[in-house]
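These are my notebook entries on a structure I had not looked at before. I wanted to look up its open and enclosed spaces, and then one residue and its surroundings.

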Amino acid sequence: MTFRFETVAHAGAARAGVFTTPHGAVQTPAFMPVGTQATVKTLDPRELRETGATMILANAYHLHLRPGDDIVAEMGGLHRFMGWDGPILTDSGGFQVFSLETLRTVSEDGVEFRSHIDGSRRQFTPESVMVIERNLGADVVMQFDHVIPGQSEMETSRDASERSLRWLARCRAEVERLEEASPRPAGSEQALFPILQGGIHPTLRRAAAQEIREMGEWAGFGIGGLSVGEPKPAMYEILELCNDALPADRPRYLMGVGFPDDLVEGVARGVDLFDCVAPTRMGRNGTAFTSEGRLNVRRAELRADPAPLDRNCRCTTCARFSRAYIRHLFVAEEVLGLRLLSLHNVHFLVALMDDARAAVRSGTFDAWSRDWLLRYHSRPVSVS
C-alpha cells in the first residue's frame with residue numbers, strides 16, 4: 001500500500017505516528033507550512049527543510065488561476081515545479097471559492113465564480129477540481145467541499161454538510177475514472193481525503209462521519225469548517241467528537257488551524273496534521289511566536305535588546321540574530337526582517353509538534369501539554 005499510517009505511541013487521545021506517502025514519511029503530529037501559490041512566502045524550499053518541515057501545502061484555486069494547473073503539469077508537477085521533493089497536499093480551493101461571497105453562485109452542480117485576478121467567469125465542480133488536483137500532482141488531494149461560517153445555524157450547516165457528502169461521492173468517482181483512463185506512474189500516486197463538515201452541530205458531524213466511513217476506505221480524513229469564526233471551546237468539543245467518530249488507524253488533518261495553543265489542544269484531541277498561513281502572515285506583519293506568547297518585534301523596548309526572539313528556540317534566526325537587529329530590519333523596512341521572522345515562526349510550529357510527539361512517545365504528554373499551555377498566553381510577551 002503506497003499510503004500507510006502507523007501509530008507508535010498514545011497518551012489518551014494524543015498519538016505519535018508515521019504517515020507514509022510516495023514522497024516520504026511524515027512523523028506525526030506535524031505542522032505543514034502553507035505554500036498557497038507553490039511557495040511558502042519568502043522561504044526557499046531548502047530553508048523549509050532546515051526548519052524540520054516534511055510536508056507542505058499548495059492550493060488548487062490559486063494555482064488553477066495562475067499559472068494554470070496545465071502549466072504545472074507540463075512542468076512536471078508541483079514537486080518539480082517548486083523544487084520540493086517531500087510530500088505535498090493540495091487543498092481543493094473550496095474555502096477560497098466560498099470566501100468570494102458576492103462573486104460566486106452555488107448550485108448542486110458546483111460553484112460559478114469570478115476570478116479575483118481578472119474577473120473572468122469560472123466554474124468549479126467536484127469533477128473539474130479532481131482534474132486540477134491531478135494535474136498539480138500532490139501526494140494528498142482534498143475533496144471539493146461546501147464551506148460555511150463556523151457559527152452557521154443547523155439548517156445551513158446541514159445543507160452544506162450533505163452537499164459536501166454528495167460532492168465527495170462525485171470526487172471519488174472522478175478520481176477512479178481518471179486513474180482507469182490513465183494510471184499515474186509508480187511514485188506519483190495520489191490519495192483523496194474526504195472532509196468532515198457539519199459546523200458546530202454534533203449530530204451533523206456524527207452523521208457525516210458515518211456516511212463517509214460507509215463509502216469505503218480512505219487513506220486519511222480532513223476535519224473542515226473549524227477555526228472559521230466559532231468559539232474555541234466549540235472547536236475543541238467537535239474535535240473530541242471527531243476523535244471518537246473517525247477511524248483510529250488513519251491520520252486526521254485539522255484544516256486551517258495553526259496557532260500554537262490550538263495545535264497543542266488539537267494533538268490532545270487526536271489530531272495528527274495541521275496547516276495554517278499564520279506563521280508567515282504574522283511574520284510579514286512583525287509578530288513572532290514564542291514559548292511565552294506573541295511578540296511584536298516593532299516594540300520600542302526591543303531597540304537595544306540583545307536576546308534572541310525566543311531563548312528556547314533552536315531556529316537559525318534565534319541562533320544568529322538579536323531582537324534589536326530584527327526590530328531594526330522592520331523599522332527600516334528591510335525585506336530580510338520578513339524572511340527571518342517567517343522562518344522563525346514556521347520553525348517554532350514545526351518544533352512544537354516535534355516536542356509534542358516526543359512527549360507522547362515518552363509518556364509525558366499530559367504534564368508537558370499542561371505546563372506548556374500554562375506558560376503560553378495569546379498576548380504580547382513581556383520584555384525583560
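Before sorting any lining by class, I noted how the classes are drawn: Ala, Val, Leu, Ile, Met, Phe, Trp, Tyr, Cys and Pro count as nonpolar, Asp, Glu, Lys and Arg as charged, and the others, Gly among them, as polar. I also wrote down that the model is a predicted one.

**Entry 1, the largest pocket.** With those classes in hand, I looked up the lining of the largest pocket and found 17 nonpolar, 16 polar and six charged residues. The volume of this pocket is about 870 Å³, and of the 39 residues that line the pocket, those closest to its centre are Phe95, Gln96, Gly256, Asp275 and Val277. I then asked which elements build the wall, and found that strand 5 (56–59), helix 2 (60–65), helix 5 (94–98), strand 15 (273–276) and helix 11 (278–284) each supply at least two lining residues. Helix 11 gives the most, with five residues.

**Entry 2, the second largest pocket.** I turned next to the second largest pocket, which holds about 400 Å³ of space and is lined by 18 residues, with Val175, Glu176, Gln190, Ala191 and Leu192 lying nearest its centre. The elements giving two or more residues to this lining are helix 6 (126–136), helix 7 (154–181) and strand 11 (191–193), and the largest share, five residues, comes from helix 7. By class I found nine nonpolar, one polar and eight charged residues in the lining of this second largest pocket.

**Entry 3, the cavity.** I looked for enclosed space as well, and found one cavity of 30 Å³ or more, with a volume of about 40 Å³. Its lining consists of His146, Ile148, Pro149, Ser157, Ala160, Ser161, Gln197, Gly198, Gly199 and Gly225, which by class gives three nonpolar, seven polar and no charged residues.

**Entry 4, Arg49.** Last, I looked up Arg49, which sits in helix 1 (residues 45–51). Is Arg49 buried, partly exposed or exposed? I entered Arg49 as partly exposed because its relative accessibility is 35%, and the range for that class runs between 20% and 50%. Setting aside neighbours within four places in sequence, I found Arg49 in contact with Thr54, Trp84, Asp85 and Gly86. I followed Asp85 further: it is 36 residues from Arg49 along the chain, the two C-alpha atoms are separated by 10.0 Å, and a polar contact of 2.9 Å joins the two side chains.

Notes
Residues are numbered from 1 along each chain as its sequence is written. This is a predicted model: local features need pLDDT of at least 70, side-chain atom pairs count only at pLDDT 80 or more; totals for chains, interfaces and linings use all residues. Side-chain values use heavy atoms; hydrogens and water are left out. Buried means under 20% relative accessible area, exposed over 50%, partly exposed in between (1.4 Å probe, protein chains only). Contact means heavy atoms within 4.5 Å. A polar contact is a pair of N or O atoms within 3.5 Å; within protein, one must be able to donate a hydrogen and the other to accept it, and residues adjacent in sequence count only if both atoms are side-chain atoms. On a 1 Å grid over the protein atoms alone, a cavity is a set of points where a 1.4 Å probe fits but cannot get out, and a pocket is an open set with protein on both sides within 12 Å along at least five of seven lines; lining residues have an atom within 4 Å of a point. Grid points are joined across faces, edges and corners, and a volume is the space filled by probe spheres set on the points.
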